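Open the model in your viewer and keep the selection panel at hand. The tour goes stop by stop.

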Amino acid sequence: QKSDRQKTNHQKERTKDTMKGFMSEKEHAERIHMIRQALPACQPQEGSPANSFTPTELEQLRLMLNLGPRDTGGTQLMVAEKEQKMDILNPKEWLGPKKTGEASSLKTKKINIACPQEACFEQPQEEEQQLSTTISDRQHSISPSWYGAPVIKDNTTTQLFRKQVRQGIFQNPTNGQCPGFMQCNLVVLPQGPIAFDFLLFCQRNKKACPLIEVCDVGSPHPIGVARGADLRTDVPKYAIYKNGALYKEVNDATEYWPENSVAFLIGCSFSYDGAFQDAGIPLRSAEKGRNVPMYRTNLPCRSSGSLKGNMVVSMKPISAIDIAKEVEITSKFPHAHGSPVCVGNPKAIGIVDINNPEWGDTIEIGVEEVPVFHACGVTPQSVLMDSKVPFAITHSPGYMFITDLPSDYVI
């Protein structure tokens, strides 16, 4: 045993001398320290003297130091590794094998890696961009898979409609479009106290702001309600607000979309247009190709942090004989503002001139018709203006985002 121990120590000394011949003692010590920090497999076993290695660890060390494998009489010693073991000093293993026929002349860029030796490696830029795009596409194109998630079918009418919006083919108000599917108002705020205040505002004012979906921070993809949708491009018209005032309206919000965005989707009364059609109740605004009229009221909302203001309502002229039917239908859609807040006299809710709406188009009321007022998703825009919010993106009133969910889907 003494002879075997002396022989082992002699081999270790020869190995150290060989490695030191290629570098100074300081460089050798630094390299050994780096490898010990990086690879747990190269840590000395408990009770072993410092700088001692097993034969397998020694071969790994030699290869990492570019010393090549040990000469074993013409036979190369293979280092035994566990299945799926990864060499963290070899970044190529992190990237995986290249695809067959893949060009090796791709442009590269350096990426810092947070590992003990603070190494950096070169990764093909086009490969990284393709991977990022693939992940992003996959995340918002697949059907939701969590418990209780809605079943969203592919190639639906709504997905084709959003494609037309995205391509700039459809740029009109969405009342009467895609009947039977849920439509939503849009509010986008930068992440921060105001976004939290708005979330709380929606919870406190469910009649005016029935919350349907909240996207992840920085994401424009409402994966819970629409497959493959992009809120930056899939609304026919957007309103950009700065310091509580309307800055401009655009058909594509990509340029203005904040990196730390929080996007909210709020239910809209357009969602039950299909139910009205099935019940034989005419949609006057849609028939005439106009937007619905919308008004400020004297109905106060419950404030939340820095946000406060009054409710906004939309108006539909309904035949007096159909009023009961209208109330019955809309009461089944609490996620789309539900039943009316006022029937008949507009002055009861602070509307002085029904022929002069703050948003939308004027609609004539027939002799046998009664104005019916529902809470409206433009309420957030009015509140954001009254509260002088520094920046926000919303839909332009009447230009909604159409989801893939049935209008009667229970949220």
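Contact here means heavy atoms within 4.5 Å. Keep that cut-off in mind for every neighbour list below. Remember too that this is a predicted model.

**Stop 1: colour by confidence**

Colour the chain by pLDDT. The mean over the protein chain is 78, and 66% of its residues reach 70 or more. Now select residues 74-84. Their pLDDT stays under 50, and the model gives them 10 contacts beyond four places in sequence. Move on to residues 98-138. Here too the pLDDT is below 50, and the stretch has 46 contacts in the model beyond near neighbours in sequence.

**Stop 2: Val250**

Select Val250, in strand β6, which spans residues 245-250. Is Val250 buried or exposed? Its relative accessible area is 12%, so Val250 is buried; the cut-off for buried is under 20%. Show the surroundings of Val250. Leaving out residues up to four places away in sequence, Val250 touches Lys237, Tyr238, Ile240 and Tyr256. Then add Ser396. Val250 and Ser396 are 146 residues apart along the chain, and 8.8 Å separates their C-alpha atoms.

**Stop 3: a charge over a ring**

Select Lys242 and Tyr247. The charged end of Lys242 sits over the Tyr247 ring, 4.1 Å from the ring centre.

**Stop 4: Asp386**

Go to helix α11, residues 379-386, and pick Asp386. Relative accessibility is 42% at Asp386, so this residue counts as partly exposed. Which residues does Asp386 touch, not counting those up to four places away in sequence? They are Arg296, Lys308 and Gly309. Next, draw a C-alpha to C-alpha distance from Asp386 to Gly244. The distance is 6.6 Å, with the two positions 142 residues apart in sequence numbering.

**Stop 5: Ser304**

Select the loop between β8 (294-300) and β9 (310-319), and find Ser304 in it. Ser304 counts as buried because its relative accessibility is 0%. Display its side chain, which reaches the backbone oxygen of Asp197 at 2.8 Å. Beyond neighbours within four places in sequence, Ser304 is in contact with Asp197, Leu200, Phe201 and Arg204.

**Stop 6: aromatic rings**

Phe201 leads to the next selection. Add Phe198 and Phe264: with Phe201 they form one aromatic cluster. How many aromatic pairs does a search of the whole structure find? The search finds 6. One to inspect is Tyr272 with Phe276, a tilted pair at 5.3 Å centre to centre with 45° between the planes. Tyr272 and Phe276 are both buried.

**Stop 7: helix α10**

Select residues 323-330, helix α10. Its buried residues are Ile323, Glu326, Ile329 and Thr330. Look down the axis of α10: the buried residues fall within an arc of 130°, so they line one face of the helix. Now turn to the other side of α10, where Ala324 and Glu328 are exposed. What covers the buried residues of α10? The cover includes α8 (273-278), β9, β10 (342-343) and β11 (369-375). Show these elements together with α10 to see the packing around the buried residues.

Technical notes:
Residues numbered from 1 in each chain as written. Predicted model: local features only at pLDDT ≥ 70, side-chain atom pairs only at ≥ 80, totals over all residues. Heavy atoms only, no water. Helix = DSSP H or I, 4+ residues; strand = E, 2+ residues; numbered from the N terminus. Buried < 20%, exposed > 50% of the residue type's maximum accessible area, 1.4 Å probe, protein only. Polar contact = N/O pair within 3.5 Å; in protein donor to acceptor, adjacent residues only side chain to side chain. Arc of directions from axis to C-beta. Phe/Tyr/Trp six-rings, centres within 6.5 Å; stacked < 30°, edge-to-face > 60°. Lys NZ or Arg CZ within 6 Å of the ring centre and 35° of its normal. pLDDT = per-residue confidence, 0-100.
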